[in-house]
Amino acid sequence: MTTIHDQYRQTFCRICQSAKLVPFLDLGAMPIPNGFLSQSQLSMNEARYPLATVLCPRCGLVQLTHVVPAERMFKNYLYIPSTSRNLLDHFKKIAREIIDSAHAKQGELVVDIGSNDGTLLSFFKTHGMKILGIDPAENIVAAANENGIPTINDYFSKESAQRIKKKYGKAKIITATNVIAHIDDIHDTFDGIRLLLARDGLFVMEAPYLVDLLKKNEFDTIYHEHLSYFAIRPLTVLAKKHKLRIIDIYHDDIHGGTVRVYFVHEKSQWRTQPSVRRFLAKEKILFLDKPEPYVAFAGRVARFRHSLRKRLADLKKEKHIIAGYGAAAKGNVLMHSCGITADMLDFVVDSISYKHGKFTPGNHIPIYPEERLLELMPDYVLILAWNFADEIIAKNQEYRARGGKFIVPHPRIRIV
Ligand code: DWN
């Protein structure tokens, strides 16, 4: 039995408050993407929430039509970043880059918003920085504190920023990787950032980049945790409203395409780098504030959904066994929007121990440790965590040597 919760409709742009929003994609109602279930929960009523997107032509922000209450998604969180070698290397790289860019001195304060298990902060710690995390996930914060990463169990807000500033002083560096897109009251968050950031400090946020999402059809990165989908232009509108200024932007391929955006106090001495003008110029020629690119995207998504389902159905007709790799939030969206059910995928393997023995939300596919792959030897494995496809394929050469084949869905469906 499922209940569709349609009551959380967002009718205005969270950055510029415009009510003129243009719908362009509807993936249907589905459970929250990290809503993995234990055996005993399988028979319970599973809440589903609409998953659809709109464009705000005025400021260029893309956002979800519905906002699922944060406590339903983040109080007891089953995602940790530290099982991916690529992601660990990425965090190590950006910690060094940010310290160098900020000309930070040992002992200066670094605050990480949405710090999860403290992976990023641990790299700042090795460089002698004073570190502090803040994250609402009770389960993960307990583990972070046990691992020597001082972490406050709370949401970052103007109020909690006041408390942090009072107790620790202003921060030379504030970071927020894959969290700003998850926040509904983004103005309260930026009020907190402005209040906590030292006069010559750097606020650095990382988020999936809307241009990559559109270009590579990464529609399965659209899910209830990601309320906003950022291009640079809406972020410049947001910065201005909070007397902040974007001074530099880097692009990385992590998570399917990510931008790392450097903010400073508007009146600070920092020079704005040419990268800002470059990104804004590229977005202008892509007409990202017009509906057309999004309507074309929705058409590509519809064709993709049909072709992936048909590809898997044909393999099942030939009596092949198919499994999934990576019980990822995006994987659950991919399966739901392409109609992939438990009779198509026999099981999913994953590296995160929290998820072992649980079932995927909605279609209830069992999740096993990665080691089960060789033992069970499915004919095909659909890589649900396709953003780590290279890393996953590289570590499973034995599976391929035994004749197993990987199906990689993005940027186009291919069998390797
Ligand atoms: O923004 C978010 C991104 C950064 O992470 C969060 N809202 C939620 C989460 O999204 P996701 O679950 O789609 O993230 P990942 O990092 O793509 O998930 C990868 C999954 O794949 C994890 O469950 C771990 C698993 N994995 C694995 O089983 N073997 C990952 C690697 C690299 C592996 O080798």
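A surface patch of charge is made of residues with over 30% relative accessible area and no salt bridge, in which like charges are joined within 9 Å. The exercises below apply this and related rules to a predicted model.

**Exercise 1. Which residues gather in a patch of positive charge on the surface, and where is Arg-194 found?**

Step 1. The patch of positive charge brings together Lys-158, Arg-194, Lys-243 and Lys-267.

Step 2. Arg-194 belongs to helix H6, which covers residues 186-196.

Step 3. Arg-194 has a relative accessibility of 34%, and therefore counts as partly exposed, since this class lies between the limits of 20% and 50%.

**Exercise 2. Work out how Asp-100 and Arg-96 are placed in helix H2, and what joins them.**

Step 1. A salt bridge requires a side-chain nitrogen of Lys or Arg within 4 Å of a carboxyl oxygen of Asp or Glu, and between Asp-100 and Arg-96 the closest N and O atoms are 2.7 Å apart, which makes this pair a salt bridge.

Step 2. Both residues lie in helix H2 (residues 85-102), and because they are four residues apart there, about one helical turn separates them.

Step 3. Asp-100 is partly exposed at 40% relative accessibility, and Arg-96 is partly exposed as well, with a relative accessible area of 35%.

**Exercise 3. Are Glu-206 and Arg-260 buried or exposed, and which parts of the chain does the pair link?**

Step 1. The side chains of Glu-206 and Arg-260 meet in a salt bridge with an N to O distance of 2.7 Å.

Step 2. This pair links distant parts of the chain, as Glu-206 sits in strand S10 (residues 197-208) and Arg-260 in strand S13 (residues 258-265), 54 residues apart.

Step 3. Glu-206 and Arg-260 are both buried.

Step 4. Salt bridges that share partners join these two residues with Lys-93, Glu-97 and Asp-252 into one network.

Step 5. The structure as a whole holds 22 salt bridges.

**Exercise 4. Explain why the cysteine pairs Cys-13 with Cys-59 and Cys-56 with Cys-16 form no bond.**

Step 1. A disulfide is a covalent bond between the sulfur atoms of two cysteines, and the cut-off used here is a pair of sulfur atoms within 2.5 Å.

Step 2. The cysteine sulfur closest to that of Cys-13 is in Cys-59, at 3.5 Å, which is too far for a bond.

Step 3. For Cys-56 the closest cysteine sulfur is in Cys-16, also 3.5 Å away and too far for a bond.

Step 4. Cys-13 is buried at 0% relative accessibility, and Cys-56 is buried with a relative accessible area of 0%.

Step 5. By the distance rule, the count of disulfides comes to zero.

Definitions and conventions. Residues numbered from 1 in each chain as written. Predicted model: local features only at pLDDT ≥ 70, side-chain atom pairs only at ≥ 80, totals over all residues. Heavy atoms only, no water. Patch = residues over 30% accessible without salt bridge, like charges linked within 9 Å, V, L, I, M, F, W, Y side chains within 5 Å. Areas by Shrake-Rupley, 256 points an atom, 1.4 Å probe, with all protein chains shown as cover. Lys, Arg positive; Asp, Glu negative; His and termini not counted. Charge placed at Lys NZ, Arg CZ, Asp CG, Glu CD. Helix = DSSP H or I, 4+ residues; strand = E, 2+ residues; numbered from the N terminus. Buried < 20%, exposed > 50% of the residue type's maximum accessible area, 1.4 Å probe, protein only.
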